[in-house]
Amino acid sequence: LTSSVVHSIPSLNGPTGLITIPTAESLKYKEFNVGFDYMANEYKDNDLWKYKFNIGTFKSWELGIVGGKEPSEGVYLNAKYYLLSDNSRYPLSVAIGSENLSSKSETSVYMVASKKFQEGFDAHFGFKAIFADTELDPTIMFGLEYFVNDEWSIMGDIDGQSQTYMFNIGTAYHVTNHFILKGAVVDVFGEQPEGSFYTFGMTYSKFI
């Protein structure tokens, strides 16, 4: 089993990734995806929705935007540069990037590595620094994805902010080669003040 036969999907924050973290997987030249996510809050008075669009451009760049009810500042810009990938059967990939480039207080930079393993597993590990007001907030990122078959994957990732980490679990199902449905529980243990979110989304991916 391998993830190479399916399209990459955007994370909740926009860039190609798992649930909330970006991965070193990047859209190919002239490949794009557009997605929508509805995020139901456990307190039922803070539901959110997001839309996102990413496109693979020349020289290994992935550029994108994310907007909606969140982020509250308007539309954010994202950029990812695909550094390298070896040519082995189970390659290691590395990417650097930035999320929320147009934000006044939530811009972040990251480096992430992704590795494919036998039996359908992908692992992702990286570091992120958030420029929050006048402070620098460094965190780590980690995620796993297991491909049950060519259409269905189960994933989990760990992300953080202000030295508080949250654990997320989710799943993605490729209805067709271009249309993907996904769902997740964000912040399973309610570590953030907003509590847990239950997300439902869809993505359409294709080459121009």
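The legends below accompany close-up views of a predicted model.

**View 1. Surroundings of Thr-23 in the predicted model.** Thr-23 lies in the segment that precedes strand β1, which spans residues 31–41. With a relative accessible area of 0%, Thr-23 falls under the 20% limit and therefore counts as buried. Leaving aside residues up to four places away in sequence, Thr-23 touches Thr-16, Gly-17 and Leu-18, and it also touches Lys-80, Val-112, Ser-114 and His-124. A further residue shown for reference is Phe-142, which stands 119 residues from Thr-23 along the chain, while the C-alpha atoms of Thr-23 and Phe-142 are separated by 9.4 Å.

**View 2. A cluster of aromatic rings formed by Phe-32, Phe-53 and Tyr-204.** The three residues Phe-32, Phe-53 and Tyr-204 are linked into a cluster by ring pairs, and the structure as a whole holds eight aromatic pairs. A pair of aromatic rings is described by the distance of the centres and the angle of the planes.

**View 3. The largest cavity and the residues that line it.** When the whole structure is searched, one cavity of 30 Å³ or more is found, and the volume of the largest cavity is about 80 Å³. Its lining is made up of Ile-9, Ser-11, Leu-12, Leu-18, Ile-19, Asp-37, Met-155, Thr-171, Lys-182, Gly-183, Ala-184 and Thr-199. Strand β11, which covers residues 179–186, supplies the largest share of this lining, with three residues. By residue class, the lining of the largest cavity divides into six nonpolar, four polar and two charged residues.

Terms used
Residues are numbered from 1 along each chain as its sequence is written. This is a predicted model: local features need pLDDT of at least 70, side-chain atom pairs count only at pLDDT 80 or more; totals for chains, interfaces and linings use all residues. Side-chain values use heavy atoms; hydrogens and water are left out. Helices (H or I, at least four residues) and strands (E, at least two) are DSSP runs, numbered from the N terminus. Buried means under 20% relative accessible area, exposed over 50%, partly exposed in between (1.4 Å probe, protein chains only). Contact means heavy atoms within 4.5 Å. Rings of Phe, Tyr and Trp (its six-membered ring) pair if their centres lie within 6.5 Å; planes under 30 degrees apart count as stacked, over 60 as edge-to-face and the rest as tilted. On a 1 Å grid over the protein atoms alone, a cavity is a set of points where a 1.4 Å probe fits but cannot get out, and a pocket is an open set with protein on both sides within 12 Å along at least five of seven lines; lining residues have an atom within 4 Å of a point. Grid points are joined across faces, edges and corners, and a volume is the space filled by probe spheres set on the points. Ala, Val, Leu, Ile, Met, Phe, Trp, Tyr, Cys and Pro count as nonpolar, Asp, Glu, Lys and Arg as charged, and the others, Gly among them, as polar.
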